[in-house]
Structure formats: C-alpha cells, structure tokens
Amino acid sequence: MHTNRLDTGYKMLLSNHHVLRTKPQNLPKLNSRQFRLWEDMLEKRTGVRITLQREDHVRTQIAQRMCESGWVDPDSYFREVLETHAGPREWGVLLDRLLVKETGFFRHQPSHNFVSKRVASLVTNDRHSLPLNIWSAGCASGEEAYSLAVDVIEGFALSGRPERYSIIGTDVSHEAIARARQGVYQRSSLKNTSTIVRENYFSLVDSQYCKVLKSVRQKTAFFVANLLERKPRDINQMDLIFCQNVLIYFKRWRRRDIVNYFQDCLKPGGCLIIGPGELLDWEPEQLRRIDAPGVHAYEKLRV
Ligand SMILES: C[S@@+](CC[C@H](N)C(=O)[O-])C[C@H]1O[C@@H](n2cnc3c(N)ncnc32)[C@H](O)[C@@H]1O
C-alpha cells in the first residue's frame with residue numbers, strides 16, 4: 001500500500017457519534033401510536049419499513065435524539081419535524097440514525113466477478129461507447145461503489161483496452177454520502193480482500209485507516225438522492241446499475257416502481273444487478289434475466 005499523510009477530521013467522520021449518551025431508563029418513552037407515526041413517516045419518505053427486530057433500536061434512536069435536542073414530549077417533537085421550518089434539517093439528522101447502512105467491500109463476491117466479466121465482454125467490442133457509466137444505487141458509505149471501481153478496472157484490464165469509466169454512488173443518507181466522498185475506511189474492513197486489491201487501490205492513512213487512491217476517487221462521484229423521487233435526471237444511459245440490499249426494505253409495489261425507474265435509466269443492453277435473495281417475483285417489461293449462477297442480473301432489451 002502507498003502511504004498517506006493523516007488528514008484531520010477523518011476520525012470524527014468515521015467515529016460512531018450515535019452512541020447513547022443518556023441512560024435508557026431516562027429516555028422519553030414513545031407509545032405505540034407515537035411510534036407508528038414515525039414508522040409511517042419513514043416509509044412514506046424513504047420507502048423503508050421497520051422490521052419487528054429493529055423496532056427497539058428505532059425507538060431508542062428517536063428518544064435519544066429527542067434528549068439531545070431538548071425535547072421531552074414525543075408529540076411536540078414529531079410536529080417539529082413534520083411541520084416547522086427547521087423540520088427538514090432535523091429529519092436529515094434523525095434519518096441517518098434510523099436507516100440500516102450496513103455495508104462492506106465486495107459483499108457478494110459472485111456479483112462482483114460478474115461485473116468484471118461483463119465489463120470485459122462489453123468493452124472488448126470496439127463499437128461499445130465509452131466511458132462506461134455505472135451506478136451504485138443505495139451505496140451507503142461507498143464501499144460498494146469503490147468495489148465496483150475495482151471490478152471495472154479489472155474488466156478493462158482483461159479486455160486490454162484503456163479504462164474509461166465513471167461511477168456514481170447515491171444514497172438518501174447525507175452522513176453516508178459524506179463518508180463515501182472521503183473514501184477513508186478502517187483497515188479491518190479490507191480484511192476479506194486480496195493483497196492485490198489492498199495494495200493497488202488503497203493508501204495507508206495510519207495504523208487504523210486506509211484511503212481509496214485518488215485515481216479511483218476521481219472517477220467516482222457521490223450524491224444524496226432518494227430513490228422514491230426518481231431523481232436526479234442526469235442519471236441515464238447507464239451501462240450497469242448495481243442495487244443490493246436496498247429493495248428488501250421496500251414494499252413490493254415500491255420495488256416495482258424502483259425497478260421500472262432503473263429500466264428507464266439503463267441503456268439498451270445495460271444491466272441491472274440486485275442482491276442475492278432479492279429476486280424479482282414479476283417479469284419487468286424491458287428486462288430479461290441473465291443466466292449467471294448465483295447472481296441476480298437482468299439485461300435491458302435492445303429493441
Ligand atoms: C443495507 S444498506 C446497503 C448498502 C449497499 N448497497 C450494500 O449492499 O452494501 C441500504 C442503503 O440503502 C439506503 N436507502 C434506503 N432507502 C433509500 C432511498 N429511498 N433512496 C436511496 N437510498 C436509500 C440506506 O440509506 C442505506 O445506506
């Protein structure tokens with residue numbers, strides 16, 4: 001690995017500042033009506049449903065945030081977020097704590113192998129227009145998008161053509177996008193990657209952290225976008241959309257809407273890759289399943 005000067009601010013961003021500061025017994029209690037209000041708001045605004053297993057966690061996060069900002073009455077706090085001028089800002093803070101942002105590098109290796117091979121076969125054809133446009137939708141703190149960068153670079157290397165690609169990572173969480181833009185990660189998060197990946201794509205920050213190389217970061221742009229809003233408009237003509245561990249949180253009708261949106265964003269012949277266990281239980285109009293063992297990939301029809 002290359003070595004790098006330690007920049008200030010990294011640790012702040014990486015540290016977990018959602019740790020509970022108030023003892024659980026001193027937190028305000030939300031009754032079930034109050035909890036449902038938040039649950040509905042989260043679902044309406046992001047599509048994400050709260051599973052039974054996460055209910056306690058979500059309750060605690062809301063109560064903790066109330067304490068931090070001096071609220072005692074759950075109804076007043078809800079109205080503040082819903083109705084006041086300051087509401088959207090407060091919602092942004094709270095949202096970061098309510099979403100599941102679990103992620104990692106090369107989380108589903110067969111999907112990443114598929115991407116490398118797909119890129120190699122696309123760009124081996126001289127007539128395929130470059131740069132390749134790749135989208136990591138619901139990218140959390142960026143590990144997925146940077147893993148895709150590695151796949152793409154390796155795909156170009158297999159084809160023998162010089163790399164020309166651009167990757168966009170989007171997420172509804174501001175905090176996640178801020179972290180993705182930094183491209184700084186705990187070295188332990190790379191423990192399942194090969195030495196080649198660690199040495200060729202990361203530089204050392206210090207004994208604990210490493211950073212994605214500038215040459216890769218420069219081709220990877222991150223921005224906040226809500227998949228329910230079908231924005232931003234400049235995401236189109238994608239060669240590849242990678243969306244894993246996101247659709248599972250949505251109701252079926254929302255999943256359909258989002259997959260329809262993905263169809264519109266793909267080039268003819270472009271490819272959608274979703275996560276294992278996220279198999280679509282309907283036939284999207286313009287997509288056909290690609291036969292790739294263990295991978296849930298679809299190609300947009302060329303007509
Ligand atoms: C479990 S993480 C998965 C991250 C990454 N795709 C992976 O597989 O490692 C789910 C991500 O989806 C994001 N998300 C949830 N609802 C979203 C929405 N409506 N629009 C955009 N991103 C959303 C969350 O903020 C979170 O970062």
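## Exercises: the ligand and the cores

In this predicted model, a polar side-chain atom of N245 sits 2.7 Å from an oxygen atom of the ligand. Let's start there.

**Exercise 1.** Work out how the protein surrounds the ligand, and find which residues approach the ligand's nitrogen atoms.

*Solution.*
- Step 1: Look around the ligand. You'll find 21 residues surrounding it, and the closest are T46, T103, G138, D171 and N245.
- Step 2: Go to E144. One of its polar side-chain atoms is 2.8 Å from a ligand nitrogen.
- Step 3: Now try V172. Here a polar backbone atom lies 3.3 Å from a nitrogen atom of the ligand.
- Step 4: Check the cover. On its own the ligand would expose 600 Å², and the protein buries 99% of that.

**Exercise 2.** Find the largest nonpolar core and explain why it lies between the two domains.

*Solution.*
- Step 1: This core has 44 residues, and W38, W135, F262 and L272 have the most contacts inside it.
- Step 2: See who contributes. Elements supplying at least two residues each include α2 (32–46), β2 (132–137) and β9 (266–274). The largest share, five residues, comes from α11.
- Step 3: Put it together. Domain 1 (14–98) and domain 2 (109–300) both give residues to this core, so it lies between them.

**Exercise 3.** List the contacts of F262, leaving aside neighbours within four places in sequence. Then name some members of the second core.

*Solution.*
- Step 1: F262 touches W135, A137, L227, I241, C243 and L272 once those neighbours are set aside.
- Step 2: The second core is separate and has 40 residues, among them F105, V123, I167 and Y185.

Methods. Residues numbered from 1 in each chain as written. Predicted model: local features only at pLDDT ≥ 70, side-chain atom pairs only at ≥ 80, totals over all residues. Heavy atoms only, no water. Core = buried A, V, L, I, M, F, W, Y, C linked by side-chain atoms within 4.5 Å. Buried < 20%, exposed > 50% of the residue type's maximum accessible area, 1.4 Å probe, protein only. Helix = DSSP H or I, 4+ residues; strand = E, 2+ residues; numbered from the N terminus. Domains from an automatic or database assignment. Contact = heavy atoms within 4.5 Å. Near = heavy atom within 4 Å. Polar contact = N/O pair within 3.5 Å; in protein donor to acceptor, adjacent residues only side chain to side chain. Areas by Shrake-Rupley, 256 points an atom, 1.4 Å probe, with all protein chains shown as cover.
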